[in-house]
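Here are a few notes to help you find your way around this one. Have a look at the structure first, then take the points in order.

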Amino acid sequence: MKQGKIIKVSGPLIVASGLDSANLHDVVYVGNAKLVGEIIELRGDNASIQVYEETSGVKVGDPVINTNAPLCMELAPGIMSGIFDGIGRPLADIRQLVGDRITTGLAVDKLNRKTKWEFKATKQVGDTVTAGDILGTVQETAVVEHRILVPYGIQGKITKIASGNYTIIDTIAEIDGKPIQMLQKWPVRQARPIHHKLATSVPLITGQRTIDTLFPIAKGGVAAIPGPFGSGKTVCQHQIAKWSDAQVVVYIGCGERGNEMTDVLNEFPELLDVKTGEPLMKRTILIANTSDMPVAAREASIYTGITIAEYFRDMGYDVAIMADSTSRWAEALREMSGRLEELPGEEGYPAYLSSRIAEFYERAGRVQVLGSTGQLGSITAIGAVSPPGGDLSEPVSQATLRIVKVFWGLSAALAYRRHFPAIDWLTSYSLYVDQLEDWYRDNLSPDYLTYRQGAMKVLQLSANLEEIVRLVGEDSLSDADRLILDTANLLKEDYLMQDAMSEIDTYAAPKKQFLMLEAMMTYYNLADTAIRKGVAYEKVILPTVREEFAQFRYLPNDQADKITELTNRIKYELGGKLV
């Protein structure tokens with residue numbers, strides 16, 4: 001390995017000379033403590049290195065050793081349910097070695113090389129395989145079957161394969177005489193190859209009515225959750241991670257407060273997956289890079305997380321990746337750019353901020369993966385954005401909004417009123433609604449989008465009427481306008497608001513969501529028709545029905561058919577007023 005020496009130290013940025021044979025993004029070991037770093041700029045034989053660990057004690061003249069290999073993530077059985085730092089080191093193993101505080105210069109395997117896994121071969125000697133084909137499986141957790149793939153760049157005839165108990169570095173098969181292990185390594189900054197991308201046509205069901213009904217996201221889609229401090233970005237991402245129908249969840253705590261990551265680490269092992277009854281951690285991987293960890297590792301954590309997501313996507317799984325928050329990641333970019341003395345862009349961010357954000361989100365999508373079976377997989381990327389003071393005109397928010405197709409804008413006013421999720425229905429949007437139309441028609445009802453559009457119209461009209469009420473009072477409104485305000489309140493309080501602390505209301509199945517929406521919009525449509533035919537407002541208001549609307553939030557999902565009884569009663573009572 002080529003060795004150089006340090007000529008400059010500037011916080012996490014090290015400049016070393018004598019590395020003329022180095023490549024951009026090579027991993028190096030810095031100083032006598034062998035701190036892990038990555039080359040981010042080359043000028044002649046001088047290399048600028050971002051160090052992923054605390055650099056106190058490093059001095060000019062210390063050695064720098066180049067590994068001539070990029071930063072890679074190890075991918076194999078043992079990764080599921082794991083908790084890793086920003087560069088993929090296992091935090092549980094580090095804690096056993098050094099306690100609660102990470103020391104510098106730790107050399108630890110990213111995945112355990114001693115544990116034996118039961119490998120069940122699904123191919124046999126003589127089969128011809130190509131990159132991405134499944135050689136066999138390992139039941140890693142009760143809910144995730146780890147599929148062992150033919151590595152990228154390998155194809156040919158299987159000359160040896162056998163089921164049995166193996167470590168991840170044992171040879172499980174041979175393809176044209178080449179030994180194959182369960183362990184793969186992949187450069188985190190390089191997207192894993194696919195066959196081709198597909199259109200997004202299936203929604204990611206989150207169980208959150210505001211999201212699933214008004215602003216849905218497709219599997220393979222990209223979304224942003226911007227909002228001011230305290231508006232509930234992290235809580236929204238937690239809810240999606242807990243209840244979405246993604247088969248694998250990768251959660252990246254990128255520069256967030258330590259107590260928030262602690263909540264995740266404490267909650268997820270105790271939560272039971274609504275679909276399997278198993279602990280949620282059995283399908284979750286956490287990347288924990290809190291705000292007190294080195295800033296350079298924060299920049300790498302996003303790529304580590306998306307590489308893991310791509311690995312499980314290549315197995316044919318639907319993966320959801322949560323990045324909390326991309327603003328902290330962008331701040332890390334800004335700090336390193338400043339130390340490199342690059343020309344700053346808007347608000348000091350580097351000029352390449354937009355392209356880096358786009359590079360991350362473009363690795364999401366619904367795809368046909370490599371392999372001869374034509375399997376499909378998806379990555380749904382959801383990034384939280386923390387604009388200073390809630391100002392969405394700042395560069396990170398604007399660069400993100402140019403890329404994503406779903407915008408869940410959080411409102412501090414809603415959050416302070418304890419309205420969860422605090423997604424502002426007047427500013428948020430989803431560009432996936434039309435692409436999901438066929439799914440809604442085939443799986444819920446042909447009327448679903450009509451009811452959704454009606455609800456959106458009522459909420460928008462009510463916002464205008466509330467301004468009038470504040471100025472001249474409610475008595476000035478017509479009966480039709482009073483009905484709009486009344487229905488909007490029903491939608492806000494009994495449909496859009498959810499109780500995250502309730503075991504029942506925290507998750508609403510798609511069928512229950514549709515039946516609730518159908519009942520409310522049937523009530524509005526019939527009442528509006530009656531008023532326009534001259535029936536007085538007081539005669540179309542059904543007090544008992546309104547009480548039942550509130551109770552349906554706490555109706556178990558498997559009893560949702562009871563809502564149809566209310567819809568039929570509304571049709572009977574209000575229909576009689578139209579005769």
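1. A word on terms before anything else: helices and strands here are DSSP runs, with at least four residues for a helix and at least two for a strand, numbered from the N terminus. Counted that way, the protein has 16 helices and 26 strands. Do keep in mind that you're looking at a predicted model.

2. How does the overall size fit the chain length? For 579 residues, a compact globule would come out with a radius of gyration near 25 Å, and the 27 Å of the protein agrees with that. If you want a box to picture, the C-alpha atoms fill one of roughly 90 × 60 × 40 Å along the principal axes.

3. Now for the inside. Of the 579 residues, 56% count as buried. Take the contacts with a separation of 6 or more: 70% of them join residues that are 24 or more positions apart in the chain.

4. On the outside, the protein exposes about 23900 Å², and carbon and sulfur atoms supply 50% of that area. As for charge, there are 60 positive and 73 negative side chains, and the centres of these two sets lie 3 Å apart.

5. Let's zoom in on R209, which sits in helix α2, residues 209-214. Is R209 buried or exposed? R209 has 0% relative accessibility, and since buried means under 20%, it counts as buried.

6. What does the side chain of R209 reach? One partner is the backbone oxygen of Y495, at 2.5 Å. Another is the backbone oxygen of M497, at 3.0 Å. Once you set aside neighbours within four places in sequence, R209 is in contact with L214, D494, Y495, M497, Q498, D505, A508, Q513, M516 and R553. So it's worth clicking through that list in the viewer.

7. The other residue to look up is T284, found in strand β21, which covers residues 284-289. T284 counts as buried because its relative accessibility is 0%.

8. Which backbone oxygen lies 2.9 Å from a polar atom of the T284 side chain? That of L280. Leaving out neighbours within four places in sequence, T284 is in contact with M80, S81, G82, V249 and F268.

Methods. Residues are numbered from 1 along each chain as its sequence is written. This is a predicted model: local features need pLDDT of at least 70, side-chain atom pairs count only at pLDDT 80 or more; totals for chains, interfaces and linings use all residues. Side-chain values use heavy atoms; hydrogens and water are left out. The radius of gyration is taken over C-alpha atoms; the globule rule is 2.2 Å times the number of residues to the power 0.38. Buried means under 20% relative accessible area, exposed over 50%, partly exposed in between (1.4 Å probe, protein chains only). Contact means heavy atoms within 4.5 Å. Accessible areas come from the Shrake-Rupley method with a 1.4 Å probe; for residues, only the protein chains shown count as cover. Lys and Arg count as positive and Asp and Glu as negative; His and the chain ends are not counted. The place of a charge is taken as NZ of Lys, CZ of Arg, CG of Asp or CD of Glu. A polar contact is a pair of N or O atoms within 3.5 Å; within protein, one must be able to donate a hydrogen and the other to accept it, and residues adjacent in sequence count only if both atoms are side-chain atoms.
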